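Work through the exercises below with the model in view, trying each task before reading its solution.

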Amino acid sequence: MRISVTDRCNLKCVYCNPLGDCDFIEHKEILTFEEIHRIVRLFVGCGIRKVRLTGGEPLVRKNIVELVRSLAGIKGTEELALTTNGVLLAPAAAELKKAGLHRVNVSMDSPEKDSFKRITGHDALSKVTEGINKAIEVGLTPVRLNAVILAGMNESHIPALAQMSVDLPLEVRFIEYCPTSQDTKPASNYVPNSEVRRIIERRFGPLSPALVRETDGPALYFKLGNSAGTIGFISGRSSTFCRDCNRLRLTSDGKISPCLYSDHHYDVKKLLRSGAGDEAVLDLMKKILREKGDYTKLNSPAPEFSMKNIGG
């Protein structure tokens, strides 16, 4: 289960939040920590084992460490992770680890300062790099680095990103770009992962398959020689892996989406705030889980949506 804890973000990435923070969800409509805890507790009882906190940028949510501590205490939660842009990670990493967070994914689309600023709208690369190193230091591992490759913006930095998997114990993952609204970069900026892999192998030599873990999801992992880390490819545009998808998404305003590409969602917040007991909420959750397999990218076309609202 991926949980968006806020629609706020401190970056303006061209593929997600290019207009910056606007059209905020009203504060009263955002799920409270108590509501998130209840939803997770009940879903864990239905078989959910992995929980990921996302945003927007989850580290801008006030007292996020307290939410981590609360969720970590739910019996049956086998993995508690967080996806962040890394800007605020360094000062929070040790506290997050102590509170019970297992690992982090950090979004970093370029290791080069000017390219990073063009993509994110901010000169914050040094803070992100510091956050990555601190996460490794405190044991929020394996640390995954997510990079979206955009034609004309960061293609030339693919080898440098791959090099990071050689030098550091990172899982560097290349994610195919898919436009989600008229405000994000156009579809013409798409670079297939087959091309990304070709660029990497031309520079470093053949990639060898790496061991896949149960929690690796749609990513395919490889290694370069005796590298410290691995390289992953998430090819959501050039391939379809809906049959193997086990993700549910909870938006910051309390709607559960069974498919990223579907315009169908279930308003669990409305049920909670109506005073419904656990059994009524469980009935809805079981319905969602039963219907999950009916939704695919091919049969569930969604209208435009913002990734910062749905949690990626």
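**Exercise 1. Locate the partner of a backbone nitrogen, then describe the surroundings of that partner.**

Step 1. Start at the backbone nitrogen of Ile25, and a polar atom of the side chain of Asp7 is found 2.8 Å away. The model is a predicted one, in which local features need pLDDT of at least 70 and side-chain atom pairs count only at pLDDT 80 or more, while totals for chains, interfaces and linings use all residues. Residues are numbered from 1 along each chain as its sequence is written, and side-chain values use heavy atoms, with hydrogens and water left out.

Step 2. The side chain of Asp7 also makes a polar contact with the side chain of Arg8, at 2.9 Å; a polar contact is a pair of N or O atoms within 3.5 Å, where within protein one must be able to donate a hydrogen and the other to accept it, and residues adjacent in sequence count only if both atoms are side-chain atoms.

Step 3. Asp7 belongs to the loop between strand 1 (2–4) and helix 1 (33–45), where helices (H or I, at least four residues) and strands (E, at least two) are DSSP runs numbered from the N terminus. Because its relative accessible area is 0%, Asp7 is buried; the term means under 20% relative accessible area, with exposed meaning over 50% and partly exposed in between (1.4 Å probe, protein chains only).

**Exercise 2. Which backbone oxygen does the side chain of Thr120 reach at 2.9 Å?**

Step 1. Thr120 is located in helix 4 (residues 113–120), and with 3% relative accessibility Thr120 counts as buried.

Step 2. The oxygen in question is that of Phe116, reached by the side chain of Thr120 at 2.9 Å, and the backbone oxygen of His122 is also found 3.1 Å from a polar atom of this side chain.

Step 3. Once neighbours within four places in sequence are left aside, Thr120 is in contact with Leu11, Lys12 and Cys13, contact meaning heavy atoms within 4.5 Å.

**Exercise 3. Describe how helix 2 and helix 3 are placed relative to each other.**

Step 1. The axes of helix 2 (residues 64–72) and helix 3 (residues 89–99) come within 8 Å and cross at roughly 20°; axes are lines fitted to C-alpha atoms, for helices over the stretch in contact, and angles run from 0 to 180 degrees between N-to-C directions.

Step 2. Therefore helix 2 is roughly parallel to helix 3, since angles under 35 degrees count as roughly parallel, over 145 as roughly antiparallel, 65 to 115 as roughly perpendicular and the rest as oblique.

Step 3. Helix 2 contributes Val65, Val68, Arg69 and Ala72 to the contact, and helix 3 contributes Glu95, Leu96 and Ala99.

**Exercise 4. Which residues do the two cis peptide bonds listed in the solution join?**

Step 1. One joins Gly55 and Gly56, with omega about 10°, and Gly56 sits in the loop between strand 2 (50–54) and helix 2.

Step 2. Another joins Thr141 and Pro142, with omega about 0°, and Pro142 is part of the loop between helix 5 (125–138) and strand 5 (143–149).

Step 3. In the loop between strand 2 and helix 2 there is also Asn63, which has a positive phi of about 60° although it is not a glycine, and which counts as partly exposed at 47% relative accessibility.
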